[in-house]
Amino acid sequence: MKIYVTDDYKGMSRKAANILSAQVILKPNSVLGLATGSTPEGMYAQLVDWYRKGDLDFAAVKTVNLDEYVGLEPTHEQSYRYFMQHHLFDHVNINPANTNVPDGLAADPAAECAWYNQVIRDMGGIDLQVLGVGGNGHIGFNEPGRAFELETHVVNLKEETISANSRFFASRDDVPRQAMTMGIKSIMMAKKILLMASGEAKAEALRLALTGPVTPEVPASILQLHPYVTLVADKAAASKLEGLV
């Protein structure tokens, strides 16, 4: 595992953008696994800036997103499709047909998950998967205790995750109770993984994930077994990684 520690969020975002942009430059038709949330926002902003300066070309890039809420339409401001359009897709020259996010309004979410798995296989797998880490160690919406061998599937969100995400909605009652997410197996099949973490609130989750036992109780701990993981974290998030940094 490669570990880069930056002074702050801005530095983390820029370093992560460097890694992702290098992937696109070296392989213009890369398949990128993308994540949402506050952690990668700065990275996407940096990528858009470099694209506008003529330094990046997304014309041949294909993307698959980690997850989507069940029950939210793509235009809902808290849907992950909306997030990706707002923060990246609408601002670069990516082909909309090459961007993939699970359909939150699918009549049969389980069938949608099976289709999504096939999409990833048909593209030849993911070249670089971007991940954040939840305060309880979840990656994607793979909550503690979930089996490691699952591909894309429907999950019931835990109360801790619902509470954490309620800040994005008008009220806690508005937070969806289910999501479709790539499973641990899907994530681990990616050729490379870029793990991002920022802030003191992520320090304990990172410590457990990277220095503790590999266990479904800390889903991100499985990343210890992946052959090519790069962690980019700011000092606050990396503060408990004694012996690693």
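Biologist: Before we get to H4, what does contact mean here?
Modeller: Contact means heavy atoms within 4.5 Å, and please keep in mind that this is a predicted model.

Biologist: Fine, so what do the buried residues of H4 pack against?
Modeller: The buried residues of H4 pack against strand E3 (62–65), strand E5 (99–100), strand E7 (153–156), strand E8 (178–181) and helix H6 (184–188).

Biologist: And which residues in H4 are buried?
Modeller: Glu-112, Cys-113, Tyr-116, Asn-117, Val-119 and Ile-120 are buried in H4; seen down the helix axis they fall within an arc of 155°, so they line one face of H4. On the other side of this helix, Ala-110 and Asp-122 are exposed.

Biologist: Why would the spacing work out like that?
Modeller: An α-helix has 3.6 residues a turn, so residues three or four places apart point the same way.

Biologist: What happens just after H4?
Modeller: Gly-124 takes a positive phi of about 90° there.

Biologist: Switching to H1, how far apart are its end C-alpha atoms?
Modeller: They are 26 Å apart, which agrees with the 26 Å that the 18 residues of H1 (residues 9–26) should span at 1.5 Å a residue.

Biologist: On the other side of H1, are Ile-25 and Leu-26 buried or exposed?
Modeller: Both Ile-25 and Leu-26 are exposed, whereas the buried residues of H1 include Met-12, Ala-16 and Leu-20.

Biologist: Last one, which residues are buried in H7?
Modeller: In H7 (residues 203–211), Ala-203, Ala-205, Leu-206, Ala-209 and Leu-210 are buried; they cover an arc of only 160° around the axis, which puts them on the same side of H7. These buried residues pack against E9 and E10.

Note on methods: Residues numbered from 1 in each chain as written. Predicted model: local features only at pLDDT ≥ 70, side-chain atom pairs only at ≥ 80, totals over all residues. Heavy atoms only, no water. Helix = DSSP H or I, 4+ residues; strand = E, 2+ residues; numbered from the N terminus. Expected span 1.5 Å × (residues − 1). Buried < 20%, exposed > 50% of the residue type's maximum accessible area, 1.4 Å probe, protein only. Arc of directions from axis to C-beta.
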